[in-house]
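Here are a few short exercises on strand pairing. Have a look at the model, try each one, then check the worked solution.

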Amino acid sequence: MAKKAVPLPRGSVRAAYPGTCPASFKDYDKGTVITKVGENWGRPGCAPRQP
């Protein structure tokens, strides 16, 4: 049975490389869902809320 793809939240991508969140300074692994945080990419929970 094939795995069903789960859609990502709008504006999010899966990290191609490991990195560090610019807002919380916590590391994330390759494949982690990330979004734009300022001018860099980081964890969606660290991104400021958009009105």
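**Exercise 1.** In which sense do strand β1 and strand β4 pair, and over how many bridges?

Before solving, note that this is a predicted model, where local features need pLDDT of at least 70, side-chain atom pairs count only at pLDDT 80 or more, and totals for chains, interfaces and linings use all residues. Residues are numbered from 1 along each chain as its sequence is written, and side-chain values use heavy atoms, with hydrogens and water left out.

*Solution.* Start with the ranges: β1 covers residues 12-14 and β4 covers residues 33-37. (Strands are DSSP runs of E, at least two residues, numbered from the N terminus; two strands pair if DSSP finds at least two bridges between them.) Next, find partners: Ser12 is bridged to Thr35 in β4, and Arg14 to Val33. The pairing is antiparallel, over three bridges.

**Exercise 2.** Work out how β4 connects to strand β5.

*Solution.* Take β5 at residues 40-42; three bridges join it to β4, running antiparallel. Lys36 sits opposite Trp41 of β5. Now look at the link: the two strands make a hairpin with two residues between them, and Gly38 in the turn has a positive phi of about 70 degrees.

**Exercise 3.** Put the three strands of the open sheet in order.

*Solution.* Combining the antiparallel pairings gives β1-β4-β5. That leaves β1 and β5 as edge strands, each pairing on one side only.

Note on methods. Helices (H or I, at least four residues) and strands (E, at least two) are DSSP runs, numbered from the N terminus.
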